Amino acid sequence: MNSSTVRHRPHRIGFVSLGCPKATVDSEHILTQLRAEGYEISPSYDGADLVVVNTCGFIDAAVEESLDAIGEALDENGKVIVTGCLGAKGDIVRQTHPNVLAVTGPHATAEVMNAIHEHLPAEHDPFLDLVPPQGIRLTPRHYAYLKISEGCNHHCTFCIIPDLRGPLVSRPVNDVLLEAERLAASGVKELLVVSQDTSAYGVDVKYKTEFYNGMPVKTRMKELCEALSQFGIWVRLHYVYPYPHVNDIIPLMAKGKILPYLDIPFQHASPKVLKAMKRPASTENTMQRINQWREICPDITIRSTFIAGFPGETEEDFQLLLDFLDEAQLDRVGCFAYSDVDGAKANELDGAVPEEIKQERVKRFMEKQAGISAQKLKQNIGKTRDVIIDAIDTAENLIIARTSSDAPDIDGLVYIDIPDSHNCQVGDITQVTITATDEYDMWGALRAPMNN
Ligand code: SF4
């Protein structure tokens with residue numbers, strides 16, 4: 001080799017990814033672009049030529065964690081580019097860490113790449129430029145987040161996401177379907193559809209018709225779900241609001257086209273609190289909707305999250321929430337104590353609830369839901385459920401899996417003793433007979449693997 005053909009080591013980028021699944025998808029897009037351009041990803045600070053920190057700015061604890069992560073990257077490496085929700089929050093990053101090389105907001109792959117090009121220009125190398133067609137993902141090989149839109153048109157008073165990420169911008173449906181096709185072809189068995197408001201998909205483009213494989217498809221939730229079902233893998237919907245048109249997708253669940261699972265963040269049940277929160281669909285009769293959905297699809301799993309201690313929430317409001325839990329018998333539920341978010345309108349509302357009352361309400365809420373959840377899970381005993389295998393722990397002799405009622409990271413698990421002979425792999429969808437349950441998890445025995 002003469003000096004003109006000597007290949008230098010490619011530039012290496014360290015990457016720290018914080019925040020929610022939407023931020024994870026942003027990280028995946030940046031990582032994909034980095035690999036596509038021939039950069040290597042460094043697993044350590046000292047092996048990196050530069051570090052990108054994708055931050056979260058949702059609540060104070062997340063801001064602190066993000067600022068700490070930036071500080072650590074600066075201490076350990078020195079060359080740091082900041083992206084993500086915290087980057088959109090004015091000067092907070094530069095005030096705390098004036099030495100960062102660049103700061104961008106969320107969903108900003110092009111800006112991040114521009115900053116990297118400026119500080120670390122890529123050398124073209126056709127061998128290193130190759131990336132798998134599905135891109136780089138941070139999730140395990142068998143499931144993937146599929147982000148269908150960015151931003152949000154609502155103005156919930158406790159949330160600053162519309163300020164950080166802007167109004168709703170739906171991805172063209174053909175683009176989304178092409179990505180889903182590539183993911184399915186790469187071995188993904190479960191797609192987790194995410195956005196800020198999945199039920200609003202396509203509103204901004206007036207449900208425009210696009211073409212996928214020569215077939216017209218509308219940029220709308222129902223048509224998207226129908227089209228996704230053709231890949232023959234699990235499709236799970238997150239962040240849906242109880243609008244009337246959500247009724248249209250329940251028959252697809254009943255027919256097994258997409259998973260009978262709805263993640264709907266109700267946040268509260270008191271009309272007064274929902275109004276103060278300015279929640280989308282807050283005037284809908286939620287109980288009536290839930291009953292309709294269950295009539296159409298009796299196996300539907302409904303997951304939700306709630307906030308206790310929102311400003312102005314009285315004991316009576318909170319009791320309405322507990323009564324709603326009793327009536328709605330939701331399957332999977334989370335509850336958070338309200339906390340001020342820098343820049344959110346709710347901070348200005350009267351009637352702040354003292355911290356100890358917030359915590360006490362969260363505890364009462366979770367105790368009630370634990371009883372409901374335990375009862376509901378118990379109904380699975382003796383039944384055979386389809387599960388997807390997340391991990392095989394030979395040291396503990398356990399297969400760790402999830403039913404179609406359980407999303408990764410947020411819902412429960414099924415623990416299965418590894419039988420003497422089996423050919424299970426992570427990502428297999430197989431059948432399990434449930435033998436025991438508690439408030440959140442289940443235990444079961446493996447039946448014959450049904451789908452590799
Ligand atoms: S729907 Fe409300 S909580 Fe969700 S992103 Fe939009 S403004 Fe925030």
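This short presentation walks through one protein structure, from its ligand site to its cores, a covered helix and several loop residues.

Good morning, colleagues. Please keep in mind throughout that the structure is a predicted model.

I begin with the ligand. Which residues surround the ligand? The shell consists of Cys 152, His 154, Cys 156, Phe 158, Cys 159, Ile 161, Pro 162, Gln 196, Tyr 241 and Arg 279. Sorted by class, seven of these residues are nonpolar, two are polar and one is charged. As for the space that the ligand takes, this is the largest pocket.

I turn next to the nonpolar interior. The largest nonpolar core comprises 55 residues, and the most contacts inside it belong to Leu 228, Leu 237, Ile 249 and Leu 262. Helix H11, residues 315-328, supplies the largest share of this core, namely six residues. A separate core of 16 residues lies apart from it, and its members include Ala 48, Leu 67, Ile 70 and Leu 86.

Let me stay with Leu 228 for a moment. What does Leu 228 touch once its neighbours within four places in sequence are left aside? Its contacts are then Leu 146, Leu 177, Ala 180, Leu 191, Val 193 and Val 235.

Leu 228 also belongs to helix H7, where it is one of the buried residues. H7 spans residues 221-228 and is mostly covered, with six of its eight residues buried. Besides Leu 228, the buried set holds Met 221, Glu 223, Leu 224, Cys 225 and Ala 227. A charged residue, Glu 223, is thus listed among them. What covers the buried residues of H7? The cover includes four strands, E6 (143-147), E9 (190-194), E11 (215-218) and E12 (234-237), together with helices H6 (173-185) and H8.

I now come to the loops, starting with two residues of unusual backbone description. Asn 213 is not a glycine, yet its phi is positive, at about 50 degrees. Asn 213 sits in the loop that joins strand E10 (209-212) to E11. Is Asn 213 buried or exposed? Its relative accessible area is 60%, and Asn 213 is therefore exposed.

Gln 329 likewise has a positive phi without being a glycine, here of about 45 degrees. Its loop runs between H11 and strand E15 (332-337). Gln 329 counts as partly exposed because its relative accessibility is 28%.

Four further loop residues deserve a word, each paired with a residue distant along the chain.

Following the chain, Asp 46 is found between strand E2 (40-42) and strand E3 (50-55). With a relative accessible area of 69%, Asp 46 is exposed. Its C-alpha lies 6.2 Å from that of Asn 77, although 31 residues separate the two in sequence.

Tyr 243 occupies the loop between E12 and H8. Why does Tyr 243 count as buried? Its relative accessibility is 17%, and the cut-off for buried is under 20%. From Tyr 243 to Ala 200 the C-alpha separation is 9.1 Å, across 43 residues of chain.

Lys 255 lies in the loop between helix H8 (250-254) and strand E13 (261-263). At 62% relative accessibility, Lys 255 is classed as exposed. Lys 255 and Cys 297 are 42 residues apart in sequence, and their C-alpha atoms are 8.6 Å apart in space.

Finally, Gln 425 is located in the loop between strand E18 (414-417) and strand E19 (429-437). Gln 425 is partly exposed, at a relative accessible area of 49%. That value falls in the class between buried and exposed because exposed requires over 50%. Between the C-alpha atoms of Gln 425 and Ala 391 there are 8.2 Å, while 34 residues separate them along the chain. Not counting residues up to four places away in sequence, Gln 425 touches Ile 389 and Ile 392.

To close, I would draw attention again to Leu 228, which is among the residues with the most contacts in the largest core and is one of the buried residues of H7. Thank you for your attention.

Methods. Residues are numbered from 1 along each chain as its sequence is written. This is a predicted model: local features need pLDDT of at least 70, side-chain atom pairs count only at pLDDT 80 or more; totals for chains, interfaces and linings use all residues. Side-chain values use heavy atoms; hydrogens and water are left out. A residue is near a molecule or strand if one of its heavy atoms lies within 4 Å of it. On a 1 Å grid over the protein atoms alone, a cavity is a set of points where a 1.4 Å probe fits but cannot get out, and a pocket is an open set with protein on both sides within 12 Å along at least five of seven lines; lining residues have an atom within 4 Å of a point. A molecule sits in a cavity or pocket if more than half of its atoms lie within 2 Å of its grid points. A nonpolar core is a set of buried Ala, Val, Leu, Ile, Met, Phe, Trp, Tyr and Cys residues joined through side-chain atoms within 4.5 Å. Buried means under 20% relative accessible area, exposed over 50%, partly exposed in between (1.4 Å probe, protein chains only). Contact means heavy atoms within 4.5 Å.
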